Amino acid sequence: MEGELPESSPASFEVRVLPDPEALAEEAAREFAAAAAEGIAARGVFRVVLSGGSTPRALYRRLTQQPYRDSIDWRRIHFFWTDERCVPPEHERSNYRMAKETLLAPLQVPGENVFRMRGEEEPRQAAAEYAEILKAEFVSDRGMPRFDLVFLGLGSDGHTASLFPGTKALGETKSRVAANYVAQLREWRLTLTYPVVNAARHVVCLASGEEKSGAVAKILKKERGYRQLPASLVRPGTGSLLWLLDHAAAALL
Ligand code: 6PG
């Protein structure tokens, strides 16, 4: 229904709790490797969406080490982002810069396989441009990009990607990419929208640290008001949803 987000539940749903951030990064790297092998075998290319923030840093670094460095066919992987801050690519707050420094440059990923959101552009223009990139990249999906794997982070307020509580992009059910004004941060963000995230084959939500435990518990235990937390609406209808938590983030489960 127009404007309504589907109540669809994921094809498969799992929560895994790891002892600490290092084990969390290892488990996420294993998931990356498994999804990459599946995507490359099935389609010759693995299209993965990287999340921003600080949590995935350890995952990205782990992927540049053995056995992943030599066992994954990095030339067959196309990299995208869940969201971006509206800053230039060299800015210290850029999600692209963080991934470039920790993953893409160390693995010498060719530039033509990296599809960054242009945070330096006017937000609406950048969102429209990224939607065009997705359209060109996913011709066979009849316009709805079906990523092989989407990594998501979680904010203590329950936001994910740049889908923040009370912001306009939450209700976006047509555009694939939104320019989203986040009043609580007094800044614009670029973000994939729910229809794209929820079309993915695999979605992995990563949460680490005690400060995320409240949002994790509210969402996973469906506590009163949980649907106000944007991450609760991540439900890949025909894909798998895996929450990877460290012990601290799972403390209230
Ligand atoms: C961003 C992210 C955002 C992030 C969460 C968690 O651009 O900030 O995409 O959704 O995943 O805010 O951030 P931390 O990993 O830094 O806690």
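The following exchange concerns the ligand site and the backbone of a predicted model.

User: What makes Ser54 a polar contact of the ligand?

Analyst: A polar side-chain atom of Ser54 lies 2.7 Å from an oxygen atom of the ligand. A polar contact requires a pair of N or O atoms within 3.5 Å, so the pair qualifies.

User: Which distances place Arg85 and Asn95 in polar contact with the ligand?

Analyst: For Arg85, an N or O atom of the side chain is 2.8 Å from a ligand oxygen atom. For Asn95, the corresponding distance to a ligand oxygen atom is 2.9 Å. Both pairs are within 3.5 Å and therefore count as polar contacts. As to cover, the protein takes up 88% of the 420 Å² of accessible area that the ligand has on its own.

User: Which residues surround the ligand, and what are their classes?

Analyst: The shell holds 14 residues, the closest being Ser54, Thr55, His159, Ala161 and Lys212. By class, two are nonpolar, eight polar and four charged.

User: Why is the ligand said to sit in a pocket?

Analyst: The criterion is that more than half of the atoms of a molecule lie within 2 Å of the grid points of the pocket. The space taken by the ligand is the largest pocket, with a volume of about 290 Å³. It is lined by 21 residues, and Gly52, Gly53, Gly153, Leu154 and His159 are the closest to its centre. The lining comprises four nonpolar, 12 polar and five charged residues.

User: How do you know that the bond between Gln66 and Pro67 is cis?

Analyst: Omega is about 5° for this cis peptide bond. Pro67 belongs to the loop between α2 (56-63) and α3 (68-71). Most peptide bonds are trans.

User: What makes the phi of Ala161 notable?

Analyst: Phi of Ala161 is near 50°, a positive value in a residue other than glycine. Most residues other than glycine have a negative phi. Ala161 lies in the loop between β5 (149-152) and β6 (177-182), and is among the closest residues to the ligand.

Conventions:
Residues numbered from 1 in each chain as written. Predicted model: local features only at pLDDT ≥ 70, side-chain atom pairs only at ≥ 80, totals over all residues. Heavy atoms only, no water. Near = heavy atom within 4 Å. Polar contact = N/O pair within 3.5 Å; in protein donor to acceptor, adjacent residues only side chain to side chain. Areas by Shrake-Rupley, 256 points an atom, 1.4 Å probe, with all protein chains shown as cover. 1 Å grid on protein atoms, 1.4 Å probe; cavity = no way out; pocket = protein on both sides within 12 Å on 5 of 7 lines; lining within 4 Å. Nonpolar A, V, L, I, M, F, W, Y, C, P; charged D, E, K, R; others polar. Points joined across faces, edges and corners; volume = space filled by probe spheres on them. Helix = DSSP H or I, 4+ residues; strand = E, 2+ residues; numbered from the N terminus.
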